[in-house]
Every structure is written in structure tokens, then in C-alpha cells.
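Here's a protein chain to explore. Have a look at the sequence and the 3D picture, and then we'll walk through some of the details together.

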Amino acid sequence: MPAEPRPATADRLPLRRRLVPVVALLLLAPWAAECSWGGFTLADFLPVLIFLGPMYGGAAILIRETARHLGAGWPAIVLLAAAFGVLQAGLVDQSLFNPGYLDDTEYADTRAAAEATLVPGLGFSVRQAFDYVGNHITLTICAPIVIIESFLGRGRRLRPWLGRPGLVVVGVIYLLGSLLIFSDSGRKGFLASPLQLTFAAAVVLTLIATALLPRWRRPRPRPTDTPAVETGPADAPPANSGTATARRVRRAPHPLWVGLVVVLVHLGTDLAPGWPGVAIALAIAASTGGLIAYWSSRAGWRQRHVLAAGSASLVSAAAFAYLVPPYSPASPAAALAGDVAVTVVTVVLIGAAWWRLRRTSPAVHVRAS
């Protein structure tokens, strides 16, 4: 199947229309990162958007725009999201290296479990690293990008929204937001050692360098190429093409199956404590990523599949919000109101995105690589 055209320039639409998805992503990223799993009550939603929006939202926009300007696919976005996760937890708030970071929250009792997987010499928990970075990949970056892009028409979904001036502005916003969190109060008075900071910086640079490799980019189409479109029933081999040919065509599963697989990953990452649990979680995550990449190469893979895969983590987080407490103590009524609000927002966002995709014509085939 011919490759997609490589997006090279930002939309030529009026600035107001180009800024709508940017602002939406700026607001959705912090909400998904901190509110969607029950970390805050309903009264705290607005402060979260105000104080954490520049950092989380700025990062999501920069990652999305970097990938789309380069014509890169979802592997590059995931790698950049992982780099952001390490940057955030290792260098900005330094929660990755601070054993007492959660001691003043309702999650103080998780410290013992985290210390069961400490890395000698570096002083960080692999269990916490998996959770922190994994949540940033799925909730902070990928889910918001998938949802916002699904509201756009196929002509804008894979194209950049901002030019260089806009990227500079967002970069400054992200930097200021990160500096606010890096302040002494954001780090809770903790400062990682030079070795720890060097290690985190090395991992961040390695992930960024890997994400920018040319292999993740779609080649420019030849003059004779036509843009690849989603395959549907009409793309199936004709009846007279032979049984052997028809047998070789493997179609992508229904989007709901894709989403279900991602939900099962969230259920399986806490099957065992300590190092065995970390090994199981890493194996499940890697297997799921490989399976989704394989499915995305099949005929019939559409933006609906991408939406199902990307938003399943948000659905899981919203479902478990009823079982976990917010960071700060809250009354049962306040906690329940926040959880119900999370459910409503999640259902509305994903339902509206799904409805929007059903109304649009078949979108461009989007591979995971």
C-alpha cells in the first residue's frame, strides 16, 4: 500500500481555526494526566488546568507537532512521550528519585511497595518508573492527541497545526510551566544527586534521538503515488481473484477488540508485587505494543482503531477512579462527585470523537509505523 504523503507545512486555514485543536489539546492533556484517574476532586479541575496546563499541554502540543512536521508515525510519538515522562519525573518534579514524594498524600502507603524494586546506586523504583512514565505516555500524551485528532477531518488529522512562530510560543509556555513545577515547592524540597540527574538526562536524550530516526518517517510520495486510504469492504479482493489471494488478505479486527486489549493491559500490570510484577508488566506492555503494530499493518485499519487503542487507557483510568482516593483528603461526597464528573467527561469526549469519525468519509490509513 502506498505510503501517506508527508506533511510538511502547517494548515493554511485562518489562525482562529488552527488554534482550536491547539487550545483543546492544551486543556485536555493536564486533565487526562491528573484528573481522569481520580487524582483530584471536581473543585480542583480548574486549578489543575491553569497550573499544570502549560507543562502537560505544552508538552503534548510540542510532541504532536514535532511528529507531524517530520511526517513521523505513532512510534515516534510514543518515544517522545516516554522522553517527556522521564524528563518530568526525573528532572522537573524529580518524583522518580524522591522516596518521600507521596508521603503527604493519600498514597503514602505505596512507598514500601515501590522500594521493593529499587535500583542500587541510582535510588529509583522500577515499579514507580513504569507507572509514572507509562501514565505519561498513555494519559498525558497519546490519549489527548488521539481524541483531538479524531475530531478533525482527514485532511487535517496528520498535518501540523502550527508554524515556527507558534511552536516557539508553545515552547516558551512549556518551559515556564516546567520551571514553575521545578521550583522548590514543586520538588517538595528535594534535589536529586548529580548521578541521578545525569542518568535521567541520558535516558531522555536517548529516547529523543531514537524518536527522530528517519525510520519512523513516511517517505514522500512519488508523482505516481496516490494517498493511501482506509480499506473497507469495497477494498476486498474480487470474487474472481482466486481463493488463495483472498486467503492472504488479513483484515484488522474490530476497533472494540483493539480497545479491549489495551484495557486488559491495565488490568494485568499489577498481577504481582516486586520484580516479578515489573517483569510481567513490561512483557504485557511490549506484547500489546507489538500486537497493535501488527494489526495496524492489516487491511481495514482506520482512525477508529487508533481512537480505540489510544482512548482505552482513559476509559480504564475513569473506571478505576471510583476505587482510588484523590491526592488530598476529601469527603466521600466530594470524591464521588469528582469521579462522576470524570465518567461524564470521558464518555462525552470519546463518544463525540467516535460520532465525528462515523460522520466523516473514510480516513487515511494510519499505520503504527
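## Helix 3 against helix 8

Helix 3 and helix 8 cross in a left-handed way. This is a predicted model, by the way. The axes of this pair come within 8 Å, with a crossing angle of roughly 165 degrees. Angles over 145 degrees count as roughly antiparallel, so helix 3 is roughly antiparallel to helix 8.

Who does the touching? On the helix 3 side, the residues include Ala-76, Leu-79, Ala-83, Val-86 and Gly-90. Over on helix 8, the partners include Leu-197, Ala-200, Val-204, Leu-207 and Ala-211. Leu-80 of helix 3 is on this list too, and Leu-80 also turns up in the contact between helix 3 and helix 2.

## Helix 3 against helix 2

Now take helix 3 with helix 2. Which hand does the crossing of helix 2 and helix 3 have, left or right? It's right-handed. Here the axes come within 9 Å and cross at roughly 150 degrees. That angle is also over the 145 degree mark, so helix 2 and helix 3 are roughly antiparallel to each other.

Helix 2 brings residues such as Met-55, Tyr-56, Ala-59, Ile-63 and Arg-68 to the contact. Helix 3 answers with Trp-74, Ile-77, Ala-81, Phe-84 and Val-92, among others.

Two of those residues deserve a second look. Tyr-56 and Phe-84 form an edge-to-face aromatic pair, with 6.2 Å from centre to centre and 80 degrees between the planes. Tyr-56 belongs to helix 2 and Phe-84 to helix 3 (residues 74-92), so the pair links parts of the chain that are 28 residues apart. Are Tyr-56 and Phe-84 buried or exposed? Both are buried.

## Charges over rings

Arg-68 and Trp-74, both part of that same helix 2 and helix 3 contact, have something else going on. The charged end of Arg-68 sits over the ring of Trp-74, at 5.7 Å from the ring's centre.

Arg-64 plays a similar game: you'll find Arg-64 over the face of Trp-161, 3.8 Å from the ring centre. Arg-64 is in helix 2. With a relative accessibility of 0%, under the 20% cut-off, Arg-64 counts as buried. Setting aside neighbours within four places in sequence, Arg-64 is in contact with residues including Leu-25, Ile-145, Glu-149, Arg-157 and Trp-161. Another contact on that list is Pro-160. Arg-64 and Pro-160 are 96 residues apart in sequence, yet their C-alpha atoms are 8.1 Å apart in space.

## More aromatic pairs

How many aromatic pairs does a search of the whole structure find? The count is 9. One of them is Phe-40 with Tyr-327, which is edge-to-face, with 5.4 Å between the centres and 65 degrees between the planes. Phe-40 lies in the loop between helix 1 (15-35) and helix 2 (45-70), while Tyr-327 lies in the loop between helix 12 (303-320) and helix 13 (332-359), so this pair ties together parts that are 287 residues apart in sequence.

Phe-40 has 21% relative accessibility, so it counts as partly exposed. Tyr-327, at 22%, is partly exposed as well. These two rings have company: ring pairs link Trp-37, Phe-40, Tyr-107 and Tyr-327 into a cluster.

## Two loop residues with positive phi

Gln-94 isn't a glycine, but its phi is positive, at about 60 degrees. Find Gln-94 in the loop between helix 3 and helix 4 (111-115). Its relative accessibility is 1%, so Gln-94 counts as buried.

Lys-188 is another residue other than glycine with a positive phi, near 60 degrees. Look for Lys-188 in the loop between helix 7 (164-182) and helix 8 (194-211). At 35% relative accessible area, Lys-188 is partly exposed.

## The whole chain

Time to zoom out. The chain has 13 helices and 0 strands. Of its 369 residues, 47% are buried.

What share of the contacts with a separation of 6 or more comes from residues 24 or more positions apart? Those residues account for 84% of such contacts.

Conventions
Residues numbered from 1 in each chain as written. Predicted model: local features only at pLDDT ≥ 70, side-chain atom pairs only at ≥ 80, totals over all residues. Heavy atoms only, no water. Phe/Tyr/Trp six-rings, centres within 6.5 Å; stacked < 30°, edge-to-face > 60°. Helix = DSSP H or I, 4+ residues; strand = E, 2+ residues; numbered from the N terminus. Buried < 20%, exposed > 50% of the residue type's maximum accessible area, 1.4 Å probe, protein only. Lys NZ or Arg CZ within 6 Å of the ring centre and 35° of its normal. Axes fitted to C-alpha atoms, helices over the stretch in contact; angles between N-to-C directions. Parallel < 35°, antiparallel > 145°, perpendicular 65-115°, else oblique. Left-handed = near helix turned anticlockwise from the far one by under 90°. Contact = heavy atoms within 4.5 Å.
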